[in-house]
Amino acid sequence: MYIPNDRASTPKSHTSLFKKILLASTVLAASPAIFAADLTVTVTNLTRGTWFTPMLVAAHPANFKAFTDGTAASVELQSIAEAGDTTGMQALLPAGTVKVVDPAKGPLKPGGSATTGTFTGGAGTANSQLTLLAMLVPTNDGFLALNAIDIPTAPGTYTYNVTAYDAGTEANDEKKAAAGGINQPGMIFPAFLNDATGKLSADINPNATGFTNATKEGFVHIHRGIVGSANGGPSALDNTVYRWLNPVARVVLTVK
């Protein structure tokens, strides 16, 4: 009996079964990415003397960004950068966003680390982007940010060195503010900056005059760091303790 080609030797039922097996194998191979929706975030403070206010971490849809570099800050961003208040920004998050607020259970000290609980986002969900925000203290209007970065679709551990931004809403005069809240020139000195006796740390001079030639920039940009000064100088901050350069934090994102 003449058989014109190899395909003729394979019964139709066997061919159909082979195709089903191949399709099932393809689906199984893709399944790790489909179900990679469990996230944890660990933040480490890399500075010598700067604290991070309670952080906002959010997995959200791609139609949201907390800010755009080179443009004026919103009042919600200003509230984070000048006062450490994330409530306004939380209200702007799109429906369906999964957020973690204050994973450190308070300010994150220099050298400290904090890890969120597991939350959902990324592959298999509508929340494809990750944002993290917190104020840097003491600064006039400095904040750290991951701004709507893509959440990796493949399971694994991803590390980001995080840059500080300047909201541009206030002059970096490095003097003590007369009052808390936004639109108050100067830096806030919360109680967590106090020493063991409960008094403001000796390396902070609340009576410093500040840099008189400082002006607000009017747009969000990369922070150029604290200048500081020696004791008796214009800055309220001792430059041997509070001066920093970027990056200011390390963020480790675990995708499972």
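Buried means that a residue has under 20% relative accessible area, and that word will help you with the residues below. The structure above is a predicted model. Its chain has an average pLDDT of 90, and 86% of the residues score at least 70. Let's look at where confidence drops, and then at a cluster of aromatic rings.

**Confidence along the chain**
- Residues 1-10 have a pLDDT below 50, and this stretch makes three contacts in the model beyond near neighbours in sequence.
- Residues 17-33 also stay under 50, with three contacts beyond four places in sequence.
- Where pLDDT is low, the predicted coordinates should not be read in detail.

**Phe67 and Phe143**
- The whole structure holds four aromatic pairs, and one of them joins Phe67 to Phe143.
- Their ring centres are 5.3 Å apart and their planes meet at 90°; planes over 60 degrees apart count as edge-to-face, so this pair is edge-to-face.
- You can find Phe67 in the loop between β3 (56-60) and α2 (75-83), while Phe143 sits in strand β8 (residues 142-150).
- The two residues are 76 residues apart, so to speak of distant parts of the chain being linked is fair here.
- Phe67 and Phe143 are both buried.

**Phe67 and Tyr165**
- Phe67 also pairs edge-to-face with Tyr165, at 5.0 Å centre to centre and 65° between the planes.
- Tyr165 lies in strand β10 (residues 164-166), 98 residues from Phe67, and this pair too links distant parts of the chain.
- Both Phe67 and Tyr165 are buried.

**The cluster**
- Ring pairs bring Phe67, Phe143 and Tyr165 together as a cluster.

How values were computed:
Residues are numbered from 1 along each chain as its sequence is written. This is a predicted model: local features need pLDDT of at least 70, side-chain atom pairs count only at pLDDT 80 or more; totals for chains, interfaces and linings use all residues. Side-chain values use heavy atoms; hydrogens and water are left out. pLDDT is the predictor's confidence in each residue, from 0 to 100. Contact means heavy atoms within 4.5 Å. Rings of Phe, Tyr and Trp (its six-membered ring) pair if their centres lie within 6.5 Å; planes under 30 degrees apart count as stacked, over 60 as edge-to-face and the rest as tilted. Helices (H or I, at least four residues) and strands (E, at least two) are DSSP runs, numbered from the N terminus. Buried means under 20% relative accessible area, exposed over 50%, partly exposed in between (1.4 Å probe, protein chains only).
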